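Colleague: I have the coordinates open. Can we go through them together?

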Amino acid sequence: MAMKTLRIGTRASQLALWQANWVKSELEKRHPGLEVTLTKIKTQGDKILDVPLAMVGGKGLFVKEIEEAMLRGEVDIAVHSMKDVPTIFPEGLALRCITEREDPRDIVILQPGFKSFRDLPQGARIGTSSLRRKAQLLHLRPDFQMIDIRGNVETRIRKLTEDNLHGVVLAAAGMHRLGFTKQISEYLPEEISTPAIGQGALGLESRIDDAETNALIDFFNHPETAWAVKAERAFLRRLEGGCQVPIGAFGTVKGDQLTLTGFVSDVEGRQLLKKTVSCQVDEAEKTGTSLADDLLIKGAGKILNEVYQHETFNVNREDV
């Protein structure tokens with residue numbers, strides 16, 4: 001039987017295309033003779049660039065249109081940054097594989113002359129599109145002025161100069177994948193900036209009933225990363241948060257042991273709840289849920305309710 005053509009749905013950003021092309025290359029190496037094509041799809045998150053992501057609202061900002069194309073049979077799989085993937089999928093679709101994680105940490109690119117964000121002057125201007133990053137940095141340095149920046153990696157790096165910023169905060173994974181490692185001034189340890197859920201990992205989403213495609217892509221799944229990300233996503237699901245809320249979680253696996261850290265904060269970083277737990281890997285999702293419950297008991301629900309009342313979210317918007 002002739003091998004099928006496999007169609008990958010992807011966003012058209014530089015990083016998304018790098019990720020999709022990496023998946024394409026690995027598929028072609030694994031399955032000689034397989035034809036793999038890319039279909040570029042513009043998502044809601046790509047269309048709205050002049051508003052902070054939190055003000056756009058909703059879940060699935062960077063995946064919904066790709067999922068709709070998959071349900072229409074126009075593409076066979078979607079390649080996502082795991083941090084963008086909602087915890088609930090449309091009927092008929094599922095997350096089939098989670099790839100081995102790149103460096104999950106956040107990084108800072110600083111103006112020349114500064115070696116650490118701790119050395120920045122009072123009132124330093126820091127650019128980020130993430131409430132999670134904003135809250136954690138303000139928790140340490142309440143004097144920082146946090147400036148909203150949007151755009152691809154190169155655009156955000158350029159804003160360091162264009163917007164007269166002292167530093168910009170980005171994900172290490174994207175910097176590494178696009179060849180910008182030398183521009184990194186400092187890696188932020190998890191103790192300072194807990195990563196976004198799934199940060200550094202890629203997710204391959206497919207139709208549940210497409211057995212042929214699923215058999216072709218199953219080799220991408222990396223068990224240790226998958227266990228960790230499942231725990232992180234269970235934490236997020238229990239808190240009913242999206243990727244634009246000041247929530248973070250990071251799991252690591254050694255042998256059959258999983259260690260998971262989760263945090264919830266208000267927008268300004270004044271109230272920040274954080275806890276680390278450990279478990280067997282087969283209890284990953286249960287542990288993610290129970291960690292969220294622990295933080296809810298300690299006041300996370302009240303904090304998140306206040307977050308949603310904050311002016312950052314106080315706009316009319318549709319769930320997208």
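Colleague: What length does α9 reach from its first C-alpha to its last, and what is expected?

Modeller: First, this is a predicted model: local features need pLDDT of at least 70, side-chain atom pairs count only at pLDDT 80 or more, and totals for chains, interfaces and linings use all residues. Residues are numbered from 1 along each chain as its sequence is written, and side-chain values use heavy atoms, with hydrogens and water left out. Helices (H or I, at least four residues) and strands (E, at least two) are DSSP runs, numbered from the N terminus. α9 has 17 residues; at 1.5 Å times one less than that number, the expected span is 24 Å, and the helix reaches 25 Å.

Colleague: Which residue follows α9, and what is its phi?

Modeller: The residue after α9 has a positive phi. It is E240, near 55°.

Colleague: Which elements do the buried residues of α9 pack against?

Modeller: Buried means under 20% relative accessible area, exposed over 50%, partly exposed in between (1.4 Å probe, protein chains only). The buried residues of α9 include A228, A231, F235 and L239. Contact means heavy atoms within 4.5 Å. The packing partners are β4 (93-98), β11, β12, α10 and α11.

Colleague: Which element gives the most to the largest nonpolar core?

Modeller: A nonpolar core is a set of buried Ala, Val, Leu, Ile, Met, Phe, Trp, Tyr and Cys residues joined through side-chain atoms within 4.5 Å. The largest has 27 residues, and F235, L239, I247, L258 and V264 touch the most other members. β11 (247-254), β12 (257-265), β13 (272-280), α10 (284-297) and α11 (300-309) are among the elements that each supply at least two. The most comes from α9, with five residues.

Colleague: In what order do the five strands of the open sheet lie?

Modeller: Two strands pair if DSSP finds at least two bridges between them. The edge strands, each pairing on one side only, are β7 (145-148) and β9 (186-188). Pairing in this sheet is mixed, and the order is β7-β6-β8-β5-β9.

Colleague: Which residue of β8 is the bridge partner of I107?

Modeller: Strands β5 (residues 106-110) and β8 (residues 167-171) run antiparallel, joined by five bridges. In β8, the partner of I107 is L170.

Colleague: At what angle does α6 run to β8?

Modeller: Axes are lines fitted to C-alpha atoms, for helices over the stretch in contact, and angles run from 0 to 180 degrees between N-to-C directions. Helix α6 (residues 153-162) lies across β5 and β8. Its angle to β8 is about 170°.
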